[in-house]
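This briefing walks through one structure by topic, beginning with a sheet and moving on to a ligand site and a nonpolar core. Please keep the sequence and the model in view while reading.

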Amino acid sequence: MELTHDDVNATRVTQWVRCCTVNSMPVEPFMSRNHPTYSPDPELLAHFPTVSGNAVNGLGETETRRPSCFFWHPPERQTHGRLQRYVMSRFEKSRDGGKDWGDVGDRGPAPLPVAPERQEGTAQDWTNAVKAYALANEADLVGVAEIDPLWVYESYQIAEPHVIMLGVGQNYEKMKHAPPGPGNHHSNTEVRRQYNRGARAASKLANFIHGLGYQATPHVGPMAGALNMIPAALAAGFGELGKHGSIINRTLGSNLRLAGVSTDLPVIPDRPDLFGVDDFCTRCRVCTEACPPDAIHDEKQTVRGAVKWYVDFDKCIPYFGERLGCALCMVVCPWSRPGVAENLIVKLARRAAIGDATRA
Ligand code: SF4
Ligand code: SF4
């Protein structure tokens, strides 16, 4: 008997239900609303732990707390380490018969020692100096924030009080091939290339600060470390949180990657840059509809005491793991298309001005 598409899909969902039961996985099996032909790979789901990633992230918790170590942290420090090892092994096996996906550049210089004498300067001098240095040394965005202890993952410490956040833009022509698949590594190669550029920018900036006689520690991706970089970048003026859980910047949209340098060099913090994204996202559903596993919530959620946009980890990561990366939500976001963000900001400002005039 020939199976129809629906039969195949129903079989996969049944397998997932069985897999969830075997693993006592506290997530509801789902069939994608927007992509009914998608259901997660049961083999990947079998590597999920018994705890939901959303519970680890603090979904539904009303008290503030530091984030728990999670995916991309060292496997032994997190609940989903076995799943991460499995996803990484699929990455390793996928390289088209052992060929690499392309030149992704190096990760930057080794750390230099901190100079024994501190140079004299004001916080304004150092702020100007580090920003100019970062922009001249591979960063596309730079901003400063005071470190909030709530940005530091549990079991980590950051000794320095400030962080200089760096942003690097991705090549949209390469990213628009997302999500990756067999023989299509354009987007995940570009992601790795830009994470490496961010790592180079951060290690060069840290060495520059060491030369001034101050402490500086790079924080770089793609693997996670002590610093939760998104809230730090929001505080440093990089933009607003979009419905897809990523930053939307006023020039790069979501087409960027983050790095940072924590330091005791006196520097002046920036302010958050609010330009209407939050309101825009309440009326836009582009990423929600594009996301194959329906991982993007249309309503804000309470997460560790804050109400914000949230992406369902238990739905996102199986798709991400199967495709060896995704980034589809970042790429389809209208703000990410080159030249669009600037126009949207003008339109939002015009609409706000008309609203003000109408109310006056
Ligand atoms: S990365 Fe992919 S699967 Fe995850 S939320 Fe974005 S579009 Fe959905
Ligand atoms: S696609 Fe639309 S809803 Fe999603 S983050 Fe971008 S602007 Fe917000």
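Two strands are said to pair if DSSP finds at least two bridges between them. With that in mind, in this predicted model Ala-145 has Val-163 as its bridge partner in strand S2. The points below set this pair in its surroundings.

**The sheet**

- Strands of a sheet pair through backbone hydrogen bonds, and the pairing may be either parallel or antiparallel.
- Here, four strands form an open sheet in the order S1-S2-S6-S3, and their pairing is antiparallel.
- At the edges are strand S1 (141-146) and strand S3 (216-219), each of which pairs on one side only, and neighbouring strands are turned by 20° against each other on average, direction ignored.
- S1 and strand S2 (residues 162-169) run antiparallel and are joined by six bridges.

**Helices across the sheet**

- Helix H5 (residues 123-136) lies across S1 and S2, and its direction is at about 145° to S1.
- Helix H7 (residues 186-211) lies across S2, S3 and strand S6 (256-263), running at about 20° to S6.

**The nonpolar core**

- The largest nonpolar core has 73 residues, and those touching the most other members are Ile-164, Met-165, Leu-166, Ala-202, Leu-205, Ala-232 and Ala-233; H7 gives the most to this core, with eight residues.
- Leaving aside neighbours within four places in sequence, Leu-166 is in contact with residues including Ala-134, Leu-141, Val-142, Ala-202 and Ala-259.

**The surroundings of ligand 1**

- Around ligand 1 there are 14 residues, of which Cys-291, Cys-316, Cys-326, Leu-328 and Cys-329 come nearest.
- The residues of this shell divide into 13 nonpolar, one polar and no charged.
- Helix H11 (313-323) and helix H12 (328-332) each supply at least two residues of the shell, and H11 gives the most, with three residues.

**Helix H11 and its setting**

- Is H11 enclosed by the rest of the structure, or open? Ten of its eleven residues are buried, so H11 is largely enclosed by the rest of the structure.
- Among the buried residues of H11 are Phe-313, Asp-314, Lys-315, Cys-316 and Arg-323, and Cys-316 is also one of the residues that come nearest to ligand 1.
- The buried residues of H11 pack against helix H2 (42-45), helix H3 (53-57) and helix H4 (81-93).
- After H11 comes Leu-324, whose phi is positive, near 65°.

Terms used: Residues numbered from 1 in each chain as written. Chains lettered and ligands numbered in written order. Predicted model: local features only at pLDDT ≥ 70, side-chain atom pairs only at ≥ 80, totals over all residues. Axes fitted to C-alpha atoms, helices over the stretch in contact; angles between N-to-C directions. Contact = placed C-beta atoms within 7 Å. Near = placed C-beta within 6 Å. Nonpolar A, V, L, I, M, F, W, Y, C, P; charged D, E, K, R; others polar. Buried ≥ 20, exposed ≤ 12 C-beta atoms within 10 Å, placed from the backbone. Core = buried A, V, L, I, M, F, W, Y, C linked by C-beta atoms within 7 Å.
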